[in-house]
Amino acid sequence: MNLILLGPPGAGKGTQAKRLEQAHGLVQLATGDMLRAETASGSELGRRIKAVMESGALVSDEIVIEVIEQRIAAPEAKDGVILDGFPRTIPQAEALDAMLAGHDLKLDHVILMEVDEAALVDRLAGRFSCRACGASYHERYHRPKREGVCDVCGSHDFVQRPDDRPEAVQKRFEVYRQQTAPILPYYRAKGILETVDGMGEMDAVTKAIEAIISR
Ligand code: AP5
């Protein structure tokens with residue numbers, strides 16, 4: 001099964017992708033995580049994209065398509081993938097179709113997670129993550145089980161994403177409206193776009209997504 005989780009910054013795509021990965025043995029392909037790993041590596045490419053990401057703008061289609069292309073046909077993705085943060089533009093959506101067709105794969109579901117902007121601001125402002133393993137938390141909605149200790153790797157070191165600063169968040173919302181929202185009609189026209197209410201608690205959102213993919 002191959003699916004896309006779509007939605008604005010902070011909609012909960014990463015949170016739900018991790019749950020689906022564990023429950024269904026799928027592989028999460030999160031372009032934001034891949035690009036952050038590249039910037040952390042200090043590579044030449046990482047240095048080039050760091051400022052773009054921190055401003056809230058999109059990295060070029062060419063770079064992101066190449067990153068995904070390498071992973072989508074990898075042996076570990078053979079049971080299916082959850083695309084989180086990709087595609088984000090029409091050229092990316094078209095490139096994905098070509099990639100899937102080239103590997104004789106198909107998209108089973110495109111799921112849009114709808115969340116009000118005020119809730120998105122609140123989620124992004126309160127988000128923090130483990131510096132060591134990247135596990136994501138929230139000040140109020142998802143705290144580590146033991147205060148100050150990462151549930152996944154036991155690290156005590158947490159960070160906030162630079163692009164969760166208010167100026168960058170506003171830029172990300174604008175980019176979503178202008179460049180990513182146009183892919184919704186693209187998938188609606190193919191008859192595979194489905195919507196879940198992303199405003200509920202995490203478990204309720206998981207249940208709504210599970211109802212779609214188990215059909
Ligand atoms: P990316 O990392 O993909 O960021 P994003 O799409 O803006 O999404 P987020 O990771 O911020 O949010 P999310 O929807 O995953 O929410 P989460 O589950 O964390 O991209 C970052 C940057 O990389 C881009 O701006 C761009 O520069 C670049 N990039 C990436 N992909 C690209 C592409 N394809 N093309 C070009 N450039 C690209 O949840 C948020 C918070 O809310 C968490 O704290 C969580 O605990 C909490 N939460 C989650 N669900 C709930 C709930 N139901 N109730 C309460 N709290 C919740």
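**Exercise 1. Describe how helix H6 packs against helix H7 in this predicted model.**

Solution. Two packed helices are described by the angle between their axes and by the distance between those axes. In this predicted model, helix H6 covers residues 117–125 and helix H7 covers residues 166–180, and the two pack at an angle of about 135° with their axes 11 Å apart. That angle makes H6 oblique to H7, since an angle counts as roughly antiparallel when it is over 145 degrees and as roughly perpendicular from 65 to 115. The next step is the handedness, and the crossing of H6 and H7 is right-handed. On the side of H6, the contact is made by Glu 117, Leu 120, Val 121 and Leu 124, while H7 contributes Val 169, Gln 170, Arg 172, Phe 173 and Arg 177. Sorted by class, this contact of H6 with H7 has 5 nonpolar, 1 polar and 3 charged residues.

**Exercise 2. Work out which residues come nearest to the ligand, and which polar atoms lie close to its own atoms.**

Solution. There are 34 residues around the ligand, and of these Thr 15, Ala 57, Arg 88, Arg 127 and Arg 172 come nearest. Turning to single atom pairs, a side-chain N or O atom of Arg 88 is 2.7 Å from an oxygen atom of the ligand. For Arg 127, a polar side-chain atom likewise lies 2.7 Å from a ligand oxygen atom. With Gly 85 the partner is in the backbone, where an N or O atom lies 2.8 Å from a nitrogen atom of the ligand.

**Exercise 3. Describe how helix H5 packs against helix H4 and against helix H8.**

Solution. Begin with H4 (residues 61–72) and H5 (residues 90–102), whose axes come within 10 Å and cross at roughly 25°. That makes H4 roughly parallel to H5, because angles under 35 degrees count as roughly parallel. The crossing of H4 with H5 is right-handed. In H4, the residues Asp 61, Val 64, Ile 65, Ile 68, Glu 69 and Ile 72 meet Pro 91, Gln 92, Ala 95, Leu 96, Met 99 and Leu 100 in H5, and the residues of this contact divide into 9 nonpolar, 1 polar and 2 charged.

Continue with H8 (residues 183–190), which packs with H5 at an angle of about 35°, the axes being 9 Å apart. H5 passes H8 in a right-handed crossing. Here Ile 90, Ala 93, Glu 94, Leu 96 and Asp 97 of H5 touch Ile 183, Tyr 186, Tyr 187 and Lys 190 of H8, giving 6 nonpolar, no polar and 3 charged residues in the contact of H5 with H8.

Technical notes. Residues are numbered from 1 along each chain as its sequence is written. This is a predicted model: local features need pLDDT of at least 70, side-chain atom pairs count only at pLDDT 80 or more; totals for chains, interfaces and linings use all residues. Side-chain values use heavy atoms; hydrogens and water are left out. Axes are lines fitted to C-alpha atoms, for helices over the stretch in contact, and angles run from 0 to 180 degrees between N-to-C directions. Helices (H or I, at least four residues) and strands (E, at least two) are DSSP runs, numbered from the N terminus. A crossing is left-handed if the near helix is turned anticlockwise from the far one by less than a right angle, and right-handed if clockwise. Contact means heavy atoms within 4.5 Å. Ala, Val, Leu, Ile, Met, Phe, Trp, Tyr, Cys and Pro count as nonpolar, Asp, Glu, Lys and Arg as charged, and the others, Gly among them, as polar. A residue is near a molecule or strand if one of its heavy atoms lies within 4 Å of it. A polar contact is a pair of N or O atoms within 3.5 Å; within protein, one must be able to donate a hydrogen and the other to accept it, and residues adjacent in sequence count only if both atoms are side-chain atoms.
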